[in-house]
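Reader: Please walk me through how the chains of this model fit together and how the strands are arranged. Short answers will do.

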2 protein chains.
Amino acid sequence: MDIREALYTTRAMRRVKPDPVPDDVQARIIDAAIRAPSGGNTQGWRFVMVDDKGQIAKIGELMAESIDMLFSTIYKEQAEYAQTSDDPEAKQFKAIMNSVHWARDNFAEYPLLLFAFDQFDTSGGSIFPAVWNAMLQARADGVGSSLTSVLLFKGEEPLDVLGVPKEEGWRMACCVPMGYPLGKWGVAKRNPAHEVAYRNTWGNPIDPIPEPLWP
Amino acid sequence: MDIREALYTTRAMRRVKPDPVPDDVQARIIDAAIRAPSGGNTQGWRFVMVDDKGQIAKIGELMAESIDMLFSTIYKEQAEYAQTSDDPEAKQFKAIMNSVHWARDNFAEYPLLLFAFDQFDTSGGSIFPAVWNAMLQARADGVGSSLTSVLLFKGEEPLDVLGVPKEEGWRMACCVPMGYPLGKWGVAKRNPAHEVAYRNTWGNPIDPIPEPLWP
């Protein structure tokens, strides 16, 4: 797959089929992850690939509680607004909410979860390139994924399910449920680059205006 | 370019030529960045592309001080060890140090810096996929890059150079110097996947052992 197609069409894919992700596809995903750079090339990362149904069910319980906490705290206002308004922003947020609630209600059906952990990485700059590599390689093999850090709401509980040695300073960066998509691949809606990118100083327009490379 | 080649050969490229990065290449880099996912699709990001020599020189002064601070604090022990040992780990760290010192001493010659900022993203999971997209798209166009958060040592000073409205909660995630490489592209040295990835629970071996996809 061309790099441009991968960069443009790897969007959050929460609705996936229960079909298993074959071992060789999983191996490609994890091997792509470790190719990413990390500060001082320290590679202070660990990954856990979960495909055991019992483990996924346990994580699913924590995920359901976490998602409910997310929408009753950080996203409380947006969630209420989305229920009462018809403007485009409210509609978009409602679509995301529905998708996240689908993930909550069907979590036990995910065939694969990828967990990423870092040690002493305070910024996230030494773990999320690796996670994103995994998601891009998954996309190249037709596997959808979505990145969430929402399990952090549950503190040490998910770490205990996975047997993470917390005393060594390992910290969960995120959970990435994966599977073959129910829907179609496509370019996600984004605010255009010239609205969020500047030239030389903040607020100074970027020129020429960047244009999408795909399709 | 094939996605696999991009994922496997996009390594930290600090030694680059002073040749400018054309506008259309820059536009592709920034447009790829904004295709990444972010929590709740909030896209709480801003990017500043710096190619003004005066700005680059100012950042270069802060960068030199930051790099010196890095090696006299966080990396102090490794730096001392690298000077006195000949073991493989020490040699590798020395190679990175030399490369970082090259960047410090030649910073004013970089033709392009990409800065990424986030707002209310505590984990980094909503900004580093975008940064890494930019670096992968740069790679596809033959442009090398390296990601560093070392300027955080200088607190608000880099933000002031770039005119960032700190009062709105914008925070620098990283600086990515870019340019056409002096050296060759290749697969970076990494600890193999089966040493850092587990199956279902921490410490449980992953099987089959993942193998490199490239070259």
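The questions below go from the contact between the chains to the sheet and then to the core.

Reader: How many residues of chain A are in contact with chain B, and which helix of chain A gives the most to that side?

Author: This is a predicted model. In it, 66 residues of chain A are in contact with 66 residues of chain B. Several elements of chain A each supply at least two residues to that side, including helix 1 (3-9), helix 5 (88-105) and strand 4 (170-179). The element that gives the most, with 7 residues, is helix 6 of chain A.

Reader: How do the residues of the side of chain A that touches chain B divide into nonpolar, polar and charged?

Author: That side of chain A draws on helices and strands, among them helix 2 (23-33), strand 1 (45-50) and helix 8 (193-196). Its residues divide into 39 nonpolar, 16 polar and 11 charged.

Reader: What relation between the copies follows from laying chain A on chain B?

Author: A turn of 180° with a shift of 0.0 Å along the axis lays chain A on chain B with an RMSD of 0.0 Å. The same surface serves both copies, since 100% of the contact residues of chain A recur in chain B. The turn and shift therefore give the relation of a two-fold axis.

Reader: Which strand of chain B is joined to strand 1 of chain A, and which residue there is the bridge partner of A:V48?

Author: Strand 1 of chain A is joined by 3 bridges to strand 5 (residues 197-199) of chain B, and the two run parallel. In strand 5 of chain B, the partner of A:V48 is B:Y198.

Reader: What is the strand order of the open sheet that holds strand 1 of chain A?

Author: Within chain A, strand 1 pairs with strand 2 (residues 112-119) in the antiparallel sense over 6 bridges, and A:R46 stands opposite A:F117 there. The edge strands, each pairing on one side only, are strand 3 (144-145) of chain A and strand 5 of chain B. The open sheet has 5 strands with mixed pairing, in the order 3(A)-4(A)-2(A)-1(A)-5(B).

Reader: At about what angle does helix 6 of chain A run to strand 4 of chain A?

Author: Helix 6 of chain A lies across strand 1, strand 2, strand 3 and strand 4 of chain A. Relative to strand 4 of chain A, helix 6 runs at about 10°.

Reader: Which residues of strand 1 and strand 4 of chain B stand opposite B:L113?

Author: Strand 1 (residues 45-50) of chain B and strand 2 of chain B pair in the antiparallel sense over 6 bridges. Another 8 bridges join strand 2 of chain B to strand 4 (residues 170-179) of chain B, again antiparallel. B:L113 stands opposite B:V50 and, in strand 4 of chain B, opposite B:P177.

Reader: How many residues of strand 2 and of strand 4 of chain B are buried?

Author: Buried here requires 20 or more other C-beta atoms within 10 Å of a residue's own. Strand 2 of chain B is largely enclosed by the rest of the structure, because 7 of its 8 residues are buried. Strand 4 of chain B is also largely enclosed, because the buried count there is 8 of 10.

Reader: Which residues have the most contacts inside the largest nonpolar core?

Author: The largest nonpolar core has 126 residues. A:V131 touches several residues beyond four places away in sequence, including A:A33, A:A116, A:L147 and A:V176. Those with the most contacts inside the core are A:V131 and B:V131.

Terms used: Residues numbered from 1 in each chain as written. Chains lettered and ligands numbered in written order. Predicted model: local features only at pLDDT ≥ 70, side-chain atom pairs only at ≥ 80, totals over all residues. Contact = placed C-beta atoms within 7 Å. Helix = DSSP H or I, 4+ residues; strand = E, 2+ residues; numbered from the N terminus. Nonpolar A, V, L, I, M, F, W, Y, C, P; charged D, E, K, R; others polar. Pairing = 2+ DSSP bridges. Least-squares fit on C-alpha atoms with pLDDT ≥ 70 in both. Axes fitted to C-alpha atoms, helices over the stretch in contact; angles between N-to-C directions. Buried ≥ 20, exposed ≤ 12 C-beta atoms within 10 Å, placed from the backbone. Core = buried A, V, L, I, M, F, W, Y, C linked by C-beta atoms within 7 Å.
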